[in-house]
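Could you take me through this model, cysteines and strands included? Here are the sequence and the structure to look at.

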Amino acid sequence: MVVLMCSHVRGEQGSYHKISIHSLLPSKVCSSFKESANFNFTRLKVTHRHGPCSPLRSHPTPLPEQILDEDRSRIDSLRRRIAAAATSAKLDRQRGSQVGSKIPVRPGSSVSTGNYVVTVGFGTPKRDQTVIFDTGSDITWIQCQPCVTYCYEQQDPIFNPSASSTYANISCSSTYCSDLDISGCSSSACLYGVQYGDNSFSIGFFAQDTLTLSPTDVIPKFPFGCGERNRGLFGKAAGLMGLGHGKLSLVTQTYQKYGGVFAYCLPPTSSSTGYLTFGTGYPSSKVKFTPMVTDASTPTFYYLNLMAISVAGQRLPISAKVFNDAGTIIDSGTVITRLPPTAYSALRSAFRQAMSSYKTASALSILDTCYDFTGHSTVSIPTVALQFGGGVTMELDLSGTLYVGSQSQVCLAFAANGDDSDVGILGNVQQKTFNVVYDVSKKKIGFGPGAC
């Protein structure tokens, strides 16, 4: 990840970030987010799973192309899920007879995993587990013993349910079991199955146990998947924390405790840290809210109304209908923001015009607007701003505008959907450094700049 020193300038031709490039080599030093005095509430430390701050740091760092290719797999899965929901409001459930049998799963029944992790405790006594958190998934799951042949390698010791005094399997007759998209039974105990867009999966018992977020934030009888058959590219994480909008998500299951409110800040680089909080104690300074939109056919996802895009302070000539036709979701697990082709074409054209004095570079996977900054000590990058319903403008941090492969390949961090009818997605690159607040009770999503 590059280290970029940035100042913000506004001139006659619009608004720009002026950058001093100190290094385009990956940083191996963790620079932790410093808590200010007003952080008097519980927060979980958020790290990029491939960075030096991550508990999973022993895992080899993938190439930028690999990360973007995995992102494409997630998008394909997400599109299939939304398309299927448009024709069928409810997936028919398949049932197996035992954990050892194959629970039929459908491609795209869930979306591929994201790349930010937190550490929480499961069981009594608690065992720390580092999990990926994902607003595009509902079910929280971790790998569980016995799990030898059908488990991937993880950093933490695999959770042993027999060592927890508060662990209990959920009955097949429970509403928790009936709420699963894919379920089964084994001697009256509920089984679950999830499969992701890259063919990763987790299958096991659906259970309850104590979830510990902090010494003062303890959630008894939290429903989660105890996976005994698991496969996938989870980067040594123990599993996944589901922060979607569905019935079985952590957000819904803790509604009485936290009021359906959580917030996070994704760090600007993989060598720095952010935070994840639950409840109304999030940092509120400078947060502006836009309406949260939901779709009954895909209750997991958080939708919002993207209205317009500006480059260097100039609003692009894009009809609001282009954004409204397909809608837009915000997703912590998608890396690169996807726009309708009509909108992306206008953004790309304006960005290229503003960057015409710089040498272009070859495309990087899905990113087609790239530059070679070799030999430059400073460069000026036009600001990019997104406008949402309610008059909320999100002027992206520099880290939310560029995706850096190397000093000779620095790219605009947006991509086009295949068609204007495909749902738009606000990815995690564009969310960097913002305090992103989800308030389910009041049906609104907030953005506050410069939070981490």
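Is C370 buried or exposed? C370 counts as buried, because its relative accessibility is 3% and the cut-off for buried is under 20%. Keep in mind that this is a predicted model.

## C370 and its partner

C370 is tied by a disulfide to C411, with 2.1 Å from S to S. The torsion about that S-S bond is about 105°, so the link of C370 and C411 is right-handed. C370 sits in strand β22 (residues 370-371) and C411 in strand β27 (residues 409-412), so this disulfide ties together parts that are 41 residues apart in sequence.

What about the other end of the link? C411 comes out at 0% relative accessibility, so C411 counts as buried too.

## The strand pair at C411

Strand β27, home of C411, has a neighbour to look at. Strand β26 (residues 402-406) runs antiparallel to β27, and 4 bridges join the two. One residue pair to look up here is V404 with V410, its bridge partner in β27.

How many residues does the hairpin between β26 and β27 go through? The hairpin joins β26 to β27 through 2 residues.

## C144 and C226

The structure holds 7 disulfides, and another of them is formed by C144 and C226, whose sulfur atoms are 2.0 Å apart. This pair links distant parts of the chain: C144 is in the loop between β6 (141-143) and β7 (168-169), while C226 is in strand β11 (residues 217-231), 82 residues apart. The link of C144 and C226 is left-handed, with -105° about the S-S bond.

Both ends are out of sight if you colour by accessibility. C144 has a relative accessible area of 0% and is buried. C226 has 2% relative accessibility, so C226 counts as buried as well.

## C147 and C151

C147 and C151 also form a disulfide, and here the sulfur atoms are 1.2 Å apart. The torsion about the S-S bond of C147 and C151 is about 50°, so this disulfide is right-handed. As for exposure, C147 and C151 are both buried.

A word on the chemistry, in case it helps when reading those sulfur distances: a disulfide is a covalent bond between the sulfur atoms of two cysteines.

## I19 and I381

Away from the cysteines, have a look at I19 in strand β2 (residues 14-23). Its relative accessibility is 2%, so I19 counts as buried.

Where does I19 stand relative to I381? The two are 362 residues apart along the chain, yet 7.6 Å separates the C-alpha atoms of I19 and I381.

## The whole chain

Now zoom out. The protein chain has 7 helices and 31 strands, and of its 452 residues, 58% are buried. The accessible surface of the protein chain comes to about 18,100 Å², with 50% of that area belonging to carbon and sulfur atoms.

What share of the contacts between residues at least 6 apart in sequence join residues at least 24 apart? In the protein chain that share is 71%. The I19 and I381 pair, 362 residues apart with C-alpha atoms separated by 7.6 Å, is one place to look at in the viewer, and the C144 to C226 link, 82 residues apart, is another.

Conventions: Residues are numbered from 1 along each chain as its sequence is written. This is a predicted model: local features need pLDDT of at least 70, side-chain atom pairs count only at pLDDT 80 or more; totals for chains, interfaces and linings use all residues. Side-chain values use heavy atoms; hydrogens and water are left out. A disulfide is a pair of cysteine sulfur atoms within 2.5 Å. Buried means under 20% relative accessible area, exposed over 50%, partly exposed in between (1.4 Å probe, protein chains only). Contact means heavy atoms within 4.5 Å. Accessible areas come from the Shrake-Rupley method with a 1.4 Å probe; for residues, only the protein chains shown count as cover. Two strands pair if DSSP finds at least two bridges between them.
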